[in-house]
Amino acid sequence: MNRVMIIGAGGVGRVALHKCAQHPEIFQEIIFASRTLSKCDKIVDDVKNYPHKIITEQVDADNVDEVVKLFNKSRPAIVINVALPYQNLPIMEACLRCNVNYLDTAIYEHPSVAKYCYAPQWEFHQRFKDAGLLAILGCGFDPGVTNVYVAYARKHLFDRIKTIDIIDCNAGDHGYPFATNFNPEINIREVTANGRYYDQGKWIETKPMELKRVFNFPEGIGDRNMYLLYHEEMESLIKNFPEIERMRFWMTFGDSYLYHLKALENVGMTNVKPIVFQGREIVPLQFLREVLPDPASLGSRTVGKTCIGIWFVGEKDGQARTCYLYNVCDHQEAYREVGSQAVSYTTGAPAALAAKLFLTGQWSGAGVFNVEEFDPDPFMEEIGDWGLPWKNTTPTTVFE
Ligand code: NDP
């Protein structure tokens, strides 16, 4: 019995659940668990048209013993962790205690330190290997599909990749002056941190939003401002493709988003250090998260598209070559299919496909691996059918 457990009933969890439920031939039984049981039940209610057995459960995934208890009760083959990055380590620990394989979409973060790296998760490698279990790290879109694009480009399009620019555009409009498209706390921690990129063997640090470019996006999106950020997939990509000389990550932001973010930063609302308010400790950023629109509620009102892709420069058969691989996802189409906007959609769909590839044995192994370490071909062949078709173009312009 291919039994899968999804932990986290947010925007991404909703999509992962829909995608698994759309494939009953693979996911024969689904357990949908989260901190707030009523959120699981509400989402499952929307999925009731699928011919499926879906069981909902309450769990606090910060607590290893609670996850162990749930695993022992439900016995899943694999857990898709789409709760928050804070829960990665306790869920991985529980997997080892109960012989469950693991998959997530975001790098581990400590709740009170706004800095992340893969080391705490890579340290699990030997234990997963010894147990004969597989952990697949970072299989949303970026990280996730972007890592697969790099593996695919290296396998089929280039003999040598010299530079890559990962370019993430959300050209959606939800009508609010300020809201985030995935968990506000994680999103704001990411974009307020210093930028960083890799060049000739060194990491170069920049101030937040210091480097800006205008990029002309395809399929009617047009010119958008984008800014250099540090992003988690660069850490594993540089480790796994050391030939790459320069690697950067860019994300588009509208002016309204940036003005509000600056103001919130200036008044201390994005801080992760606790303060005392009316006699009790609160974390300003966590308070801010509570007053911002819930990303899961943005689906119905978001129009426009996302476009996430990679601009590669390198060589093939002794000739210089440039390729731009990308996906465009329409917010309203995503909403019509699964009730979530495209940012959640582009994360939950690849996670569900990766779980399928594990269950069918197309992605296998024992240990802890990032997505680019698997064969990209089965993923690239299927991801279009899972809602995220890709295009490979040969640009004639130069991206500096
Ligand atoms: P949401 O905040 O919408 O949902 C998170 C869910 O996790 C909520 O239902 C929440 O429960 C639940 N949760 C939080 N803490 C716990 C806990 N201790 N135990 C059990 N459940 C818990 O986030 P998103 O759906 O937007 O994002 C989910 C994940 O996807 C995040 O890790 C995010 O970083 C990642 N992501 C990855 C992307 C990629 O491309 N790789 C892009 C976008 C997101 P409750 O409702 O009770 O708070």
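# Exercises on a predicted model

The shell around the ligand takes at least three residues from each of domain 1 (3-137) and domain 2 (145-338 + 389-393). The model is predicted. Work through the exercises with the structure open.

## Exercise 1: the ligand shell

Find out how many residues surround the ligand, and which are the closest.

Solution.
- Start with the count: 35 residues surround the ligand.
- Now pick out the closest: Gly10, Val12, Ala61, Gly140 and Phe182.
- Next, look for elements that give two or more residues to this shell. They are helix 1 (11-21) and helix 13 (342-359).
- Last, sort the shell by class. It holds 17 nonpolar, 13 polar and five charged residues.

## Exercise 2: two domains

Describe how domain 1 and domain 2 meet.

Solution.
- Take the division of the protein chain: domain 1 covers 3-137, and domain 2 covers 145-338 + 389-393.
- Check the spacing. The C-alpha centres of the two domains are 24 Å apart.
- Count the contacts. On the domain 1 side there are 13 residues, and they touch twelve residues of domain 2.
- Assign the domain 1 side to elements. Helix 1 and strand 7 (113-116) each give two or more residues to it.
- Find the largest share: helix 1 supplies it, with four residues.
- Sort that side by class. Eight residues are nonpolar, four are polar and one is charged.

## Exercise 3: the open sheet

Work out the strand order of the seven-stranded open sheet, and explain why strand 3 and strand 19 each have one side without a neighbour.

Solution.
- Recall the principle: strands of a sheet pair through backbone hydrogen bonds, either parallel or antiparallel.
- Read the order across the seven strands: 3-2-1-4-5-8-19. The pairing here is parallel.
- Go to the edges. Strand 3 (53-58) and strand 19 (367-370) each have a single partner strand, so one side of each has no neighbour in the sheet.
- Add the twist. From one strand to the next, it averages 20 degrees.
- Zoom in on one pair. Strand 2 (residues 29-34) joins strand 3 in the parallel sense over six bridges.
- Name one bridge: alanine 33 has glutamate 57, in strand 3, as its partner.
- Place a helix on the sheet. Helix 2 (residues 37-46) packs there and touches strand 2 and strand 3. The direction of helix 2 makes about 165 degrees with that of strand 3.

## Exercise 4: the span of a helix

Test whether the end-to-end distance of helix 10 agrees with 1.5 Å a residue.

Solution.
- Count the residues: helix 10 (residues 255-266) has twelve.
- Predict the span. At 1.5 Å a residue it should be 16 Å.
- Compare. The end C-alpha atoms are 16 Å apart, which agrees.
- Look just past the helix. Glycine 268 follows helix 10, and its phi is positive, near 90 degrees.

## Exercise 5: backbone angles in loops

Locate proline 143 and glutamine 200, and describe the backbone at each.

Solution.
- Begin with proline 143. Its loop runs between strand 8 (134-137) and helix 7 (145-157).
- Check the peptide bond from aspartate 142 to proline 143. The bond is cis, with omega near 10 degrees.
- Move to glutamine 200. Its loop lies between strand 10 (195-199) and strand 11 (202-206).
- Read phi. Glutamine 200 has a positive value of about 50 degrees, although this residue is not a glycine.

Definitions and conventions:
Residues numbered from 1 in each chain as written. Predicted model: local features only at pLDDT ≥ 70, side-chain atom pairs only at ≥ 80, totals over all residues. Near = placed C-beta within 6 Å. Nonpolar A, V, L, I, M, F, W, Y, C, P; charged D, E, K, R; others polar. Domains from an automatic or database assignment. Expected span 1.5 Å × (residues − 1). Pairing = 2+ DSSP bridges. Axes fitted to C-alpha atoms, helices over the stretch in contact; angles between N-to-C directions. Contact = placed C-beta atoms within 7 Å.
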